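Dear colleague,

I am passing on the structure we spoke about, with the sequence and the coordinates together below. After it I have set out what was found, arranged so that you can follow each point with the model open beside the text.

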Amino acid sequence: MNPTIPLQQWLQVLQESTQEVARSGLRFDGTVPADAAAQAGRPGVYIAIFSESASLHVGLTTTPDGCRVLARSLLGLRESASLSDGEVVDAVSELVNIVAGKVKSRLAEHDSSLRLGLPLFVQGQIQVTELMERATADVRIGPVDCQLQVYRNPRRQEAEKAA
């Protein structure tokens with residue numbers, strides 16, 4: 001068992017898990033309006049994945065309209081169905097929770113102590129400090145352009161290993 005899973009491996013497994021959920025659990029109806037102004041500081045959901053030897057966050061960001069399309073898709077609703085902001089947050093959080101569960105399952109052979117935290121919906125951009133590592137991948141889920149993100153603090157992990 002390798003306690004230090006490379007950041008790029010986390011990202012690759014996150015991409016594979018996202019595409020698996022998109023193929024098997026989402027039904028799209030309609031398109032996503034382009035909103036170039038919403039590209040910076042897009043909303044997203046992040047979930048902590050932690051263990052005895054790892055601590056990181058995986059996330060998915062998209063435009064506000066993209067969040068609505070993903071929420072409708074997960075809930076099996078047509079494009080014309082209206083959703084409250086709270087329903088959108090809940091649905092996109094559940095979608096990312098499902099994906100994170102698949103990530104955890106796929107990487108359990110490397111670290112059997114992996115656990116999931118609670119989904120956190122963030123309206124805006126995560127500030128990356130010099131203490132953090134970040135890996136990203138642009139993906140398309142149905143008609144929705146998204147960005148997958150993995151964050152971790154390698155210095156924190158090194159300190160935890162030394163303790």
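**Strand pairing and the hairpin**

S2 and S6 are paired antiparallel over six bridges, and within this pairing Thr 61 stands opposite Gln 147 in S6. Please keep in mind throughout that this is a predicted model. S6 also runs antiparallel to S5, to which it is joined by nine bridges, and Ala 137 has Leu 148 in S6 as its bridge partner. The hairpin of S5 and S6 has two residues between the strands, and in it Gly 142 takes a positive phi near 60°. S6 is a mostly covered strand, since eight of its nine residues are buried.

**The chain as a whole**

The chain has four helices and six strands, and from the N terminus on its elements follow the order α-β-β-α-α-β-β-β-β-α. Of its 163 residues, 42% count as buried. When contacts between residues at least 6 apart in sequence are considered, 70% of them join residues at least 24 apart. The chain exposes about 8,500 Å², of which carbon and sulfur atoms supply 49%.

**The nonpolar core**

In soluble globular proteins, nonpolar side chains tend to be buried together. Here the largest nonpolar core has 38 residues, and those with the most contacts inside it are Trp 10, Leu 14, Leu 70, Val 103, Ile 141 and Val 150. The elements that contribute two or more residues to this core are helix H1 (7-25), strand S1 (44-50), strand S2 (55-61), helix H2 (64-75), H3, strand S5 (133-141) and strand S6 (144-152). H3 gives the largest share, nine residues.

Leu 14 is a useful residue to select when you look at this core, as it touches Val 58, Gly 59, Val 99, Val 103, Leu 148, Gln 149 and Val 150, with residues up to four places away in sequence not counted.

A second residue to look at is Ala 100, which lies in helix H3 (residues 85-107) and is buried, with a relative accessible area of 0%. Leaving aside neighbours within four places in sequence, Ala 100 is in contact with Ile 47, Ile 49, Val 58 and Leu 116. The C-alpha atoms of Ala 100 and His 57 are separated by 9.5 Å, although these two residues are 43 residues apart along the chain.

**Helices H1 and H2**

H1 has 19 residues, which at 1.5 Å a residue should span 27 Å, and the distance of 26 Å between its end C-alpha atoms agrees with this. Its buried residues are Leu 7, Trp 10, Leu 11, Val 13, Leu 14, Ser 17, Thr 18, Val 21 and Ala 22. An α-helix has 3.6 residues a turn, so residues three or four places apart point the same way. The cover over the buried residues of H1 includes S1, S2, H3, S5 and S6.

For H2, the 12 residues should span 16 Å at 1.5 Å a residue, and its end C-alpha atoms are 17 Å apart, which again agrees. Gly 66, Cys 67, Val 69, Leu 70, Ala 71, Arg 72 and Ser 73 are buried in H2, and the buried residues of this helix pack against H1, S2, H3, strand S4 (120-122), S5 and S6. Just after H2, Gly 76 takes a positive phi of about 70°.

**Cysteines**

You may also wish to know how many disulfides the model contains. A disulfide is a covalent bond between the sulfur atoms of two cysteines, and the cut-off applied here is 2.5 Å between the two sulfur atoms. By this rule the count comes to zero disulfides. The closest cysteine sulfur to that of Cys 67 belongs to Cys 146 and is 8.0 Å away, so it is too far for a bond. Seen from Cys 146, the closest cysteine sulfur is in Cys 67, again 8.0 Å away and too far for a bond. Cys 67 is buried, with a relative accessible area of 3%, and Cys 146 is buried as well, with a relative accessible area of 2%.

With best regards

Note on methods: Residues are numbered from 1 along each chain as its sequence is written. This is a predicted model: local features need pLDDT of at least 70, side-chain atom pairs count only at pLDDT 80 or more; totals for chains, interfaces and linings use all residues. Side-chain values use heavy atoms; hydrogens and water are left out. Buried means under 20% relative accessible area, exposed over 50%, partly exposed in between (1.4 Å probe, protein chains only). Contact means heavy atoms within 4.5 Å. A nonpolar core is a set of buried Ala, Val, Leu, Ile, Met, Phe, Trp, Tyr and Cys residues joined through side-chain atoms within 4.5 Å. Accessible areas come from the Shrake-Rupley method with a 1.4 Å probe; for residues, only the protein chains shown count as cover. The expected span of a helix is 1.5 Å times one less than its number of residues. Two strands pair if DSSP finds at least two bridges between them.
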